[in-house]
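Q: Walk me through this assembly feature by feature. Give me the idea first, then the case at hand.

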Protein chains: 4
Amino acid sequence: MKAVTFQAPGEVRLDDKPEPEVDGPQQAVVRVEATGVCGSDLHIYHGRVKIEPGFTIGHEFVGTVVSAGDGVTTVSEGDRVLGCFCTACGTCFFCRHGWFHKCDSGGVFGHGATMGSIQGAQAEYVLVPTANLTLRRVPEGMHDDVALFAGDVMGTGYHAVTEGGMRPGDTVAVFGLGPVGLCAVQAARAAGAARVIAVDSVEDRLAVAASFGADAVHLEVGDPRGAIKAATDGRGVDLAIDAVGHPAALDSAIRAARKQGAVVAIGVYAEHADVHMGLAFIKSLTVKAGLANVIRHVDPVLELLASGVLDPRPLVTHHMGLGDAAEAYATYDRREALKIVMTP
Amino acid sequence: MKAVTFQAPGEVRLDDKPEPEVDGPQQAVVRVEATGVCGSDLHIYHGRVKIEPGFTIGHEFVGTVVSAGDGVTTVSEGDRVLGCFCTACGTCFFCRHGWFHKCDSGGVFGHGATMGSIQGAQAEYVLVPTANLTLRRVPEGMHDDVALFAGDVMGTGYHAVTEGGMRPGDTVAVFGLGPVGLCAVQAARAAGAARVIAVDSVEDRLAVAASFGADAVHLEVGDPRGAIKAATDGRGVDLAIDAVGHPAALDSAIRAARKQGAVVAIGVYAEHADVHMGLAFIKSLTVKAGLANVIRHVDPVLELLASGVLDPRPLVTHHMGLGDAAEAYATYDRREALKIVMTP
Amino acid sequence: MKAVTFQAPGEVRLDDKPEPEVDGPQQAVVRVEATGVCGSDLHIYHGRVKIEPGFTIGHEFVGTVVSAGDGVTTVSEGDRVLGCFCTACGTCFFCRHGWFHKCDSGGVFGHGATMGSIQGAQAEYVLVPTANLTLRRVPEGMHDDVALFAGDVMGTGYHAVTEGGMRPGDTVAVFGLGPVGLCAVQAARAAGAARVIAVDSVEDRLAVAASFGADAVHLEVGDPRGAIKAATDGRGVDLAIDAVGHPAALDSAIRAARKQGAVVAIGVYAEHADVHMGLAFIKSLTVKAGLANVIRHVDPVLELLASGVLDPRPLVTHHMGLGDAAEAYATYDRREALKIVMTP
Amino acid sequence: MKAVTFQAPGEVRLDDKPEPEVDGPQQAVVRVEATGVCGSDLHIYHGRVKIEPGFTIGHEFVGTVVSAGDGVTTVSEGDRVLGCFCTACGTCFFCRHGWFHKCDSGGVFGHGATMGSIQGAQAEYVLVPTANLTLRRVPEGMHDDVALFAGDVMGTGYHAVTEGGMRPGDTVAVFGLGPVGLCAVQAARAAGAARVIAVDSVEDRLAVAASFGADAVHLEVGDPRGAIKAATDGRGVDLAIDAVGHPAALDSAIRAARKQGAVVAIGVYAEHADVHMGLAFIKSLTVKAGLANVIRHVDPVLELLASGVLDPRPLVTHHMGLGDAAEAYATYDRREALKIVMTP
């Protein structure tokens, strides 16, 4: 089969690989019909996340189950399904608590040996190690482009909002309007945010945020702090989301939050950071970090997508073939795309 | 001043009464500019809730502060304000926990001696015993008809949804589509319900619910149970709201909820009821009853009203003068109105 | 092997049955070393819960894994384990939410066809259908009598307290001091209840409750309502637990709870009941019913048992052989025992 | 009256000051009968927290109400009361949410102009600006030394545990065993921690922690990380408390917590800190910082103290007169005391 593989920083290519086969009771093989390029794929592309040359990349996919182990009960052969970006055993301490994203034996598709050696989904077929938890049936009539978001980007937006304890009527600030930030904007509005202040420095992204119902504020041209004060009687926001993963965004979020407010960092951190603990202390903040528990969120996110409350289609800027992977990555790297959907 | 008083079951009239005066540091007097007739006023009108003849009734109001005690800090003379339906001391055990609706010395406007002897708001002026907690400034530009809902009916809809632990993506059933039930429909959608099944037997109310985004199902002509099963893969709803206050509605809610689901009874109960505890047990339900904690909810509800996420104006079917109170009550009693707003 | 079977109301006997064998990847066979007689076994003994004659009964067990399917990862052959009273698939909608007790394909050991046709644990061997979730390793050095409680009775006490949202410093009332009620007393104290009022009419049980730190009050001789008022400044308790499963106990719990308090009914209900909804409404109560989610609680309960914070050994009044099952049931039926541990 | 005043770093003295008088409806004057020296007083003593020379210091007190404004309802003249360390209006946005420690007009006793200009409690009399929320009656029979802890140090220990979402059966690590850390140890055990690992480098403090039921581990001589791993199957603790307020303690807490665990920083932070966000991200931690909401916690803490579940008396190492204040501060500064109680 054809599969997009990492070769070296800045270089991906379409390789021929053997089709995967089911080799355990919890596994399934899915014939991929749509697969996305994600911001975290760029970390691999840039070499910041190290993976083995030749490893198949990609972790967003929609397709059809072509075979399944005899322990697979939640989906069947022939089902049209979407996949979550990660796997989970369902039985370890963390899974028993519902923290599937912290599964002791879980991994992430297409991220090489350090994240579980699970070959990626930018391929004609993908082997899913834990089908019961990772896969869900696509609701009748839902477009691939929509379903693709349930297992990663929109699940992450939903995570930021619900983990942050947002309540209907709250005001939310989102720093960084890549696909995850924009999904957080939409999820916040869907969950009843009275106002969302969305901050970035890219005009196109601000425009999408505005179309999602946010007060879009340009990071430099506008006055994010003033906008937040004006929207909140000077108090600060109930929830501030760092959708970038950079200390400057975290600092902005800490400054934006009201006393006793929440800060959720869903942008990826790998290093130490200088954090204004004095401000966090004086304001009694709650700061949460980490990847989204997408397996936990995928059911309600699918309900919201099916009912049209959430609709990520404006984020899909490009449709390309799997054979165009090299160009797709280059395009994404130039920040010319929000979401690229590739079709094998 | 003119004030609407209860005289006998089925009889209210406009009386002359002395204007109230501030007589304590926490008090304020509000000149009433709009006041609503509420379903609970009907309980008084029908004689089911006993109050003293001559007592001023009504508990929904918008107006202007004309005087305030020296302990009043959250509003000032001249402020345009809305009132919550109840009072709260802010310092007792229950208020310290934020359960203002259960204040040890709290009362309800216009409900006579059994609920604190607080003269009602269907009058030219109303004395507010605990202004700091009961009153809020009306946001700039908000219509009286909108603000009026924040202190009672929409606060109750918000309560049903948030107390019920609803999460974005959930499916909610609402039994009973009077103003409270309809506000619950709107609040559920605002809070991210993927689907709301709204059940009543009055076509007009079903139509309003549908316009608020609900799947409206006629209690007898339609098939509520079938609709709920179809919407939830046969599971039942995450949250079922009894907005009637009748054992049949409670029973419907208990049957509608999924295993480990929530039932919130915001319709008023005063008596024993036959409850299917066997079903509640086998499904591990959580059942919550009681009046809304409107003082707690009024801030986010105002935010949602100000931003347009919530909009109760379709519920306002009549505008009348205070002098038309007798006719207003008779109209409401004939179920010809959803919300009547009276202007002094 | 030898197994205790139900024959007819009031009649159980030791039968010879074939040893169970593992026949699926999630299964395990446990050689039973201790098994308890539980209050719910009495429902079967009395014929109130209908099961097939000849069905093996019992659902509390400690023993050693003798064989396991290849999907069993949390325990291994040779491990000394305890069992939860129920099974859970780990992958259905309810299990994914951590509500293992409401698993769509779950069942209860020893309760016949209506609860999943899972042969019971009062036998030399028991087949466990979902070993990963149902079984846990017994911590080093823990006595069988202690471990036996983790999978059922103490888990239920823990459930009542934590589901009820008890916070350190709260006052709790427990109505009914069978083993579950007494475990609720101990769990409440362990979780920081400042006071527990324990109500029953059996002196011995009151004495055990007192030894667990409760204020023990005789239902008729004492004055439960007065004791509750005295302990709470007249407010009522923060959490009231119905550990009986009888409308009179539920009514007592509803009366005992303070405004905005919680009532947890862990005694079994199968029928309609007359419930004072008026009181529940005026006090804004939360009422929760249902079996305990023991699979969820078993880890922290084991931690508390291992550290000695919880110690159910005073509840073990009898040790008997499996061959004495008929006598054990008769003894338990005469209320002469709290917990009978049988050894195969 | 006599009052302990700050003069200069390292210098406090007993001054004569006029007795305070009630000058507002929410105020009360308390005749102080016991007052503590607290770790945060040392910040003033060291000059790190700047206050005006001549300002009366101290914020822990027990005494008798000698006069009260006419808006004071929760206590009366003649009542023996304890005070919380801070004041709260009860009506602002934050107070309405129960976040009394973040009151928009709140202050801290004895901390000078930057924290509300509220003269301190190390004096013969103290003026309490918001008596309803700040004062509580001392339960019958409770010793001054015990009651003194309810309004500050034990309330802070309780805060760390409950804000951290600790559940019965959890394992907790406490870094820093000053009075607050030791109270956190006791509160954690009271709330059902199966194990508490308590870390410090002072032998006496480790001994007190051990007597409170902790596994006491010397920071340098022992192996805190090894102890935590051994106690948690290598997972890390459910809740890690930084009771120091130093980046090294915060780092230890972040390293000690399990995936999806909580870190609560109750030690004071005023500056930026280097935080291992990468670790916080990969482990999906929740980090909470800030002063304790003691007004919220004082009721349950008093219940726990009254019932003997909590008992801080082992922390009281010195009783001195108000006239010995200079010596008291010097003693405390030399770390020769845990809690010094002064009597006017």
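A: Start with the labels. A helix here is a DSSP run, H or I, of at least four residues, and a strand is an E run of at least two; both are numbered from the N terminus. Note also that this is a predicted model.

Q: Which residue just after H11(B) takes a positive phi?
A: B:Gly308 does, with phi at about 85°.

Q: How far does helix H11 of chain B reach from its first C-alpha to its last?
A: H11(B) covers residues 294-306, 13 in number. Its span is 17 Å, close to the 18 Å expected at 1.5 Å a residue.

Q: Where does H11(B) bend?
A: At B:Pro300, by about 30°.

Q: Is H11(B) mostly covered or mostly open?
A: A residue is buried if 20 or more other C-beta atoms lie within 10 Å of its own. By that test, H11(B) is mostly covered, with twelve of its 13 residues buried. Among them are B:Arg296, B:His297 and B:Glu303, and also the bend residue B:Pro300.

Q: What do the buried residues of H11(B) pack against?
A: Five elements of chain B: helices H3 (131-134), H4 (144-150), H5 (153-163) and H6 (179-190), plus strand E7 (135-137).

Q: How many residues of chain B are in contact with chain A?
A: Contact means C-beta atoms within 7 Å. On that basis, 18 residues of chain B meet 18 of chain A. H5 and H11 of chain B each give two or more residues to this side. H11(B) supplies the largest share, five residues. By class, the side has ten nonpolar, four polar and four charged residues.

Q: Why do the copies meet through the same surface?
A: Because 100% of the interface residues of chain B are also interface residues in chain A.

Q: What rotation superposes chain B on chain A?
A: One of 180°, with 0.0 Å of shift along its axis and an RMSD of 0.0 Å. The two copies are therefore related as by a two-fold rotation axis. In chain B, the C-alpha nearest that axis belongs to B:Ala191, 2.3 Å from it.

Q: How many residues of chain D are in contact with chain A?
A: 30 residues of chain D contact 30 of chain A. Elements of chain D giving two or more residues include helix H10 (277-282) and strands E12 (257-265) and E13 (273-275). The chain D side has 16 nonpolar, eight polar and six charged residues.

Q: How does E13 of chain A run relative to E13(D)?
A: The two strands run antiparallel, joined by three bridges. One pairing sets A:Val275 opposite its bridge partner D:Ala273.

Technical notes:
Residues numbered from 1 in each chain as written. Chains lettered and ligands numbered in written order. Predicted model: local features only at pLDDT ≥ 70, side-chain atom pairs only at ≥ 80, totals over all residues. Least-squares fit on C-alpha atoms with pLDDT ≥ 70 in both. Contact = placed C-beta atoms within 7 Å. Nonpolar A, V, L, I, M, F, W, Y, C, P; charged D, E, K, R; others polar. Pairing = 2+ DSSP bridges. Expected span 1.5 Å × (residues − 1). Bend = angle between axes of the 7 residues up to and from the residue.
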